[in-house]
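Subject: Structure for you to look at

Hello,

Here is the structure I promised to pass on. Please open it alongside this note. My findings follow below.

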Amino acid sequence: MFGYHTLRREQRLPGPPDEVFGFFADAGNLEAITPPWLGFTIVTRRPIDMRVGTIIEYRLKLHGLPLRWLTQIEAWEPGVRFVDRQLRGPYALWHHTHEFEPLPGGDTLMRDVVRYALPFGPAGALAHRLLVRRDLARIFDFRFQEVARRIDSVAR
């Protein structure tokens, strides 16, 4: 079997989990924390009622290739965690868990765990080594910085 991968990130953010979670409860903020080079836009009409079963459609460009992506919220526990899963898009599997853990002093540890796999067998494995792993690291590095900047400005 080719290529099941896991990307993990952790980030300390100011404010309790309920407040930090609130930022992510607004699906529109996903556009704000996605790198501009992806040309990412949410197609689903807003406001989006975030809950189990919510389906969200996006458009983006990856290396100049236009893509459509459809995800569904599988779990929604305000202040604790939520999970989105790709229904249609560029991956054979995309399962993204966002967890929010209270820290001493009133801050939050936000944890992202993405389980993903690429289609196309050996060609997908090669694409992962040459492009996808690096692209995802760049995307999540951007998100790390942008989330910190935006939540820090709200916390002040």
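α3 supplies the largest share of the lining of the largest cavity, with 4 residues. Please keep in mind that this is a predicted model. β1 and β7 also take part: each of them, like α3, gives at least two residues to that lining. The space inside the largest cavity comes to about 60 Å³. Its lining consists of Arg9, Glu10, Gln11, Met110, Asp112, Phe140, Arg143, Phe144 and Val147. Sorted by class, that makes 4 nonpolar, 1 polar and 4 charged residues. How many cavities of 30 Å³ or more turn up in the whole structure? The search finds 2.

Next, the pocket.

The largest pocket has a volume of about 880 Å³. Its lining takes in 41 residues, and those closest to the centre are Leu60, Trp69, Pro90, Tyr91 and Trp94. Two or more lining residues come from each of α1, α2 (29-32), β3 (55-62), β4, β5, β6 and α3 (121-155). Which element gives the most to this lining? α3 does, with 10 residues. By class, the lining of the largest pocket splits into 30 nonpolar, 7 polar and 4 charged residues. So α3 is the top contributor to the lining of the largest pocket, and α3 also holds the largest share in the largest cavity.

Now the sheet.

There are 7 strands in an open sheet, and the pairing is antiparallel. Reading across, the order is β1-β7-β6-β5-β4-β3-β2. Why does one side of β1 and of β2 lack a neighbour in the sheet? β1 (4-13) and β2 (41-42) are the edge strands and each has a single partner strand, so one side of each stays free of a neighbour there.

Further in, β6 (residues 93-102) pairs with β7 (residues 108-117). This antiparallel pairing runs over 10 bridges. To find the pair on screen, go to Thr97, which stands opposite Val113 in β7.

Helix α1 (residues 17-25) packs on the sheet. α1 touches β1, β4 (65-77), β5 (81-88), β6 and β7. The direction of α1 makes about 150° with that of β6. α1 and β6 also appear together in the pocket, as both are among the elements that give two or more residues to its lining.

That is what I have for now.

Best wishes

Notes. Residues are numbered from 1 along each chain as its sequence is written. This is a predicted model: local features need pLDDT of at least 70, side-chain atom pairs count only at pLDDT 80 or more; totals for chains, interfaces and linings use all residues. Side-chain values use heavy atoms; hydrogens and water are left out. Two strands pair if DSSP finds at least two bridges between them. Contact means heavy atoms within 4.5 Å. Axes are lines fitted to C-alpha atoms, for helices over the stretch in contact, and angles run from 0 to 180 degrees between N-to-C directions. On a 1 Å grid over the protein atoms alone, a cavity is a set of points where a 1.4 Å probe fits but cannot get out, and a pocket is an open set with protein on both sides within 12 Å along at least five of seven lines; lining residues have an atom within 4 Å of a point. Grid points are joined across faces, edges and corners, and a volume is the space filled by probe spheres set on the points. Ala, Val, Leu, Ile, Met, Phe, Trp, Tyr, Cys and Pro count as nonpolar, Asp, Glu, Lys and Arg as charged, and the others, Gly among them, as polar.
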